Amino acid sequence: MPNQHEPGRSGVRSTWSRSDRPIPRRVVRPLQAFLAEEAAGGMVLLSAAAAALVWANGPWRSSYQEVWQTTLSVRLGPWGITESLRGWVTEGLMALFFLVASLEIKRELLTGELRYRRAVLLPAVAAVGGMVLPALIYLAFNPHPPASQGWGVVMPTDLAFALGILGLASTRIPSGLRAFILALAIIDDLGSILVVALFYSAGIDWDAVAFAAVLGAATVGLRRIQVRAITAYLLLGVGMWIALHGSGISPTLAGVALGFLTPATAFQRPKAVSQEAHRVADATVDDPEPPDADAAQWLYLADLSKEAVSPLTRLETVLHHWTSFLVLPLFALANAGVLLSATALVDAARSPVAVGIVVARLVGKTAGISLAVFLAVRLLNARLPANVGTRHVVGAAAAAGIPFTVSIFISELALPAGLVDVATTGVLAAAVLSGALALLILRWPRKVSEPQTDRAP
């Protein structure tokens, strides 16, 4: 977007990063543009995973487990929580990720493409196909517990990596395909949340769950009486997390609950804020004496301006970059560091868990999504985005097969400790193979005679 805050245009003084000095022009603004891209999070996540693998297999390999197994305790009198650093990342920071995911889902359901039945039909059917078939394939390789409990590992779609693959093939990709993958991944996220809540909870402490529910009800109560401070809602969310910690239910679901309870409508009407802005502007001067004599009125207007944006949008905007560039990379750094010695790789290649993950992701995701789309178009009269054909659908399905963050997260919940590293190795192998397959399909030279259609893949 053009810079609207340059001196001389509107009288608004530009910041250093928007100036024409060499460093802002050549370094800062290109970096800001890169970080604004959705695929940038995937690149940072991939870099963190690579760093974890180098750390866990390099000269300092012994320090990898030592660092992440270091315990950190937070106590208040007789109450306290003690977790390893890996545990704080997996169960603590990942709650922020699930909070942002639930905010995105709610926004799409209320104001995005998913509010239209016709628009949601195709990605919804595709998401179901992309979850069910991989789970069945995994169970075919692992029919008995405890390995069979890992079926949820093969279901989630990693949106950051899927969009990254589409970005690498951008010159050959119709614009509607990205929207299709985005909607599919959002529905997939909702399915993954339900799987975690329904199937990976055991030995539930119902008193703790009831207390968390009371805090959720308090959140609704604050909305009803028009409490506007986001801090109050975040404190209740932290309380829900503490209540669920050790309850037998993943405390990350506190983030999910808070996200769905966050108000999606603004507290203030834009017209009222605009009228107040004009009143404040007319009542103040450019050079007050003493300086900041009008500060109270401008602070009042700043608060009103914030309240013209819904808490859902404000919270999502604040947290999105934190989760993309801090939470998820830290999770990858803490969990992707598996041993890649010859013996470990041979063991993984012989393990039904790792093989099941690879086949389920590479074949199951690709075939499940593609077949579901075909059936939705043929039987339910669903429509593909404009200029999207068979190759695009299959390539996008392969990109959706790239597993990472949520797959590793579910493996931590579902599998015993002895199988987690094997599952992580399978996840990493499946990510590489699915990404390569997706690029091969999407970048394959198209025949001149190949038709492009919005009716059927």
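The secondary structure of the protein chain, taken here from a predicted model, comes to 18 helices and 2 strands. The chain has 457 residues, of which 47% count as buried. Where contacts join residues at least 6 apart in sequence, 77% of them link residues at least 24 apart. The surface that the protein chain exposes amounts to about 23,200 Å², and carbon and sulfur atoms supply 65% of that area.

**Aromatic pairs**

- The count of aromatic pairs in this model comes to 7, and one of them is formed by Trp55 and Tyr64, whose ring centres are 5.1 Å apart and whose planes stand at 90 degrees, so this pair is edge-to-face, a label that applies when the planes are over 60 degrees apart.
- The two partners are covered to unlike extents by the stated classes: Trp55 is partly exposed, with a relative accessible area of 21%, whereas Tyr64 is buried, with a relative accessible area of 2%.
- Another aromatic pair joins Trp151 and Tyr200, with 6.0 Å from centre to centre and 35 degrees between the planes, and this pair is tilted.
- Trp151 lies in the loop between α5 (117–141) and α6 (159–168), while Tyr200 lies in the loop between α7 (175–199) and α8 (206–224), so their pairing ties together parts of the chain that are 49 residues apart in sequence.
- Tyr200 itself counts as buried, because its relative accessibility is 12% and the limit for that class is under 20%.
- Trp55 and Tyr64 appear again in one aromatic cluster, which they form together with Trp68.

**Arg314 and its surroundings**

- Arg314 lies in helix α13, which covers residues 311–335, and its relative accessible area of 16% places Arg314 among the buried residues, because that class takes values under 20%.
- Leaving aside residues up to four places away in sequence, Arg314 touches Ile230, Phe267, Lys306, Glu307 and Val309.
- With Lys306 there is also a polar contact, in which the side chain of Arg314 reaches the backbone oxygen of Lys306 at 3.2 Å.
- Arg314 and Ala266 are 48 residues apart along the chain, and their C-alpha atoms are separated by 9.8 Å.

Methods: Residues are numbered from 1 along each chain as its sequence is written. This is a predicted model: local features need pLDDT of at least 70, side-chain atom pairs count only at pLDDT 80 or more; totals for chains, interfaces and linings use all residues. Side-chain values use heavy atoms; hydrogens and water are left out. Helices (H or I, at least four residues) and strands (E, at least two) are DSSP runs, numbered from the N terminus. Buried means under 20% relative accessible area, exposed over 50%, partly exposed in between (1.4 Å probe, protein chains only). Contact means heavy atoms within 4.5 Å. Accessible areas come from the Shrake-Rupley method with a 1.4 Å probe; for residues, only the protein chains shown count as cover. Rings of Phe, Tyr and Trp (its six-membered ring) pair if their centres lie within 6.5 Å; planes under 30 degrees apart count as stacked, over 60 as edge-to-face and the rest as tilted. A polar contact is a pair of N or O atoms within 3.5 Å; within protein, one must be able to donate a hydrogen and the other to accept it, and residues adjacent in sequence count only if both atoms are side-chain atoms.
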